[in-house]
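Please look through the sequence and the model shown here before reading on. The report is meant to be read beside them, with the residues picked out in the viewer as they come up.

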Amino acid sequence: MRLSAPANYDSAILPELKANSVYEIYGRLNHDVVGGGRPNYMATPLHKRALAAYIDQVHANGMEFNYLLNSACLGNREWTKGFHRQFDSLLEWLDSLKVETIT
């Protein structure tokens, strides 16, 4: 069995997760152009630099990272050029971090 676990951004628990069949950690910034399954104010406050360091730790522990882009509604922003530029920039940044999966 392969398990996927949510990120709590505590690198100290990563070895334990790996030892218990976790192959993937999923999470996201608390604020990005797309948004995610929970409101920004409920998500862990996290800057890009901190997420990049955490993803490096996930990889160092032999696991993958799945970035969540699972917003319920984009309010038709997805049809604007400005959104496309911001979205492309986010995807390029995630690619530079070697994120394996995007949901």
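What follows treats aromatic contacts, the nonpolar core, the largest pocket, backbone angles and some distances in turn. The model is predicted, and the values below are computed from it.

## Aromatic pairs

Across the whole structure, a search for paired aromatic rings returns three pairs. In one of them, the ring centres of tyrosine 9 and tyrosine 54 are 5.0 Å apart, and because their planes meet at 65° the arrangement is edge-to-face. Tyrosine 9 belongs to the loop between strand E1 (3-6) and helix H1 (14-19), whereas tyrosine 54 belongs to helix H2 (residues 48-60), so this pair ties together parts that are 45 residues apart in sequence. Both partners are shielded from solvent by the criterion used here: tyrosine 9 is buried, with a relative accessible area of 18%, and tyrosine 54 is buried as well, with a relative accessible area of 4%. Since buried means under 20% relative accessible area, the value of 18% for tyrosine 9 falls within that class.

Another pair is made by phenylalanine 83 and phenylalanine 87, whose rings are stacked, with 5.7 Å from centre to centre and 10° between the planes. These two residues are four apart in helix H3 (residues 81-96), which means that about one helical turn separates them. Phenylalanine 83 counts as buried at 7% relative accessibility, while phenylalanine 87, with a relative accessible area of 24%, is partly exposed.

Ring pairs also join Tyr9, Tyr54 and Phe65 into a cluster.

## Charges over rings

In two places the charged end of a basic side chain is found over an aromatic ring, as the table sets out.

| Charged residue | Ring | Distance from charged end to ring centre |
|---|---|---|
| Arginine 2 | Tyrosine 23 | 3.7 Å |
| Lysine 48 | Tryptophan 93 | 4.9 Å |

## The nonpolar core

In soluble globular proteins, nonpolar side chains tend to be buried together. Which members of the largest nonpolar core touch the most other members? Among its 26 residues, these are Ile25, Leu51, Tyr54, Phe65 and Tyr67. The elements that contribute two or more residues to this core are H1, strand E2 (22-27), H2, strand E3 (64-67) and H3, and H2 gives the most, with five residues. Tyr54 and Phe65 thus appear in two settings, as members of the core and as members of the ring cluster with Tyr9.

## The largest pocket

Rolling a probe the size of a water molecule over the atoms shows where empty space is left. The largest pocket holds about 240 Å³ of space. Its lining is made up of 13 residues, and those nearest its centre are Ala7, Gly27, Arg28, Arg38 and Leu68. Sorted by class, the lining of this pocket contains six nonpolar, five polar and two charged residues.

## Positive phi angles

Most residues other than glycine have a negative phi, and most peptide bonds are trans. Tyrosine 9 has a phi near 65°, which is a positive value in a residue other than glycine, and it is located in the loop between E1 and H1. Lysine 98, also not a glycine, has a positive phi near 65° and is placed in the loop between H3 and strand E4 (101-102). Tyrosine 9 is buried at 18% relative accessible area, whereas lysine 98, at 59% relative accessibility, counts as exposed.

## Distances between selected residues

Three residues can serve as reference points for distances in the model, each taken from C-alpha to C-alpha. Serine 96 is in helix H3 and is partly exposed, with a relative accessible area of 48%; between serine 96 and glutamine 57 there are 15 Å in space and 39 residues in sequence. Proline 39 is in the loop between E2 and H2 and is partly exposed at a relative accessible area of 35%; proline 39 and arginine 77 are 17 Å apart in space and 38 residues apart in sequence. Alanine 50 is part of helix H2 and is partly exposed, with a relative accessible area of 36%; alanine 50 and isoleucine 13 are 16 Å apart in space and 37 residues apart in sequence.

Technical notes
Residues are numbered from 1 along each chain as its sequence is written. This is a predicted model: local features need pLDDT of at least 70, side-chain atom pairs count only at pLDDT 80 or more; totals for chains, interfaces and linings use all residues. Side-chain values use heavy atoms; hydrogens and water are left out. Rings of Phe, Tyr and Trp (its six-membered ring) pair if their centres lie within 6.5 Å; planes under 30 degrees apart count as stacked, over 60 as edge-to-face and the rest as tilted. Buried means under 20% relative accessible area, exposed over 50%, partly exposed in between (1.4 Å probe, protein chains only). A charge sits over a ring if NZ of Lys or CZ of Arg is within 6 Å of the ring centre and within 35 degrees of the ring normal. On a 1 Å grid over the protein atoms alone, a cavity is a set of points where a 1.4 Å probe fits but cannot get out, and a pocket is an open set with protein on both sides within 12 Å along at least five of seven lines; lining residues have an atom within 4 Å of a point. Grid points are joined across faces, edges and corners, and a volume is the space filled by probe spheres set on the points. Ala, Val, Leu, Ile, Met, Phe, Trp, Tyr, Cys and Pro count as nonpolar, Asp, Glu, Lys and Arg as charged, and the others, Gly among them, as polar. A nonpolar core is a set of buried Ala, Val, Leu, Ile, Met, Phe, Trp, Tyr and Cys residues joined through side-chain atoms within 4.5 Å.
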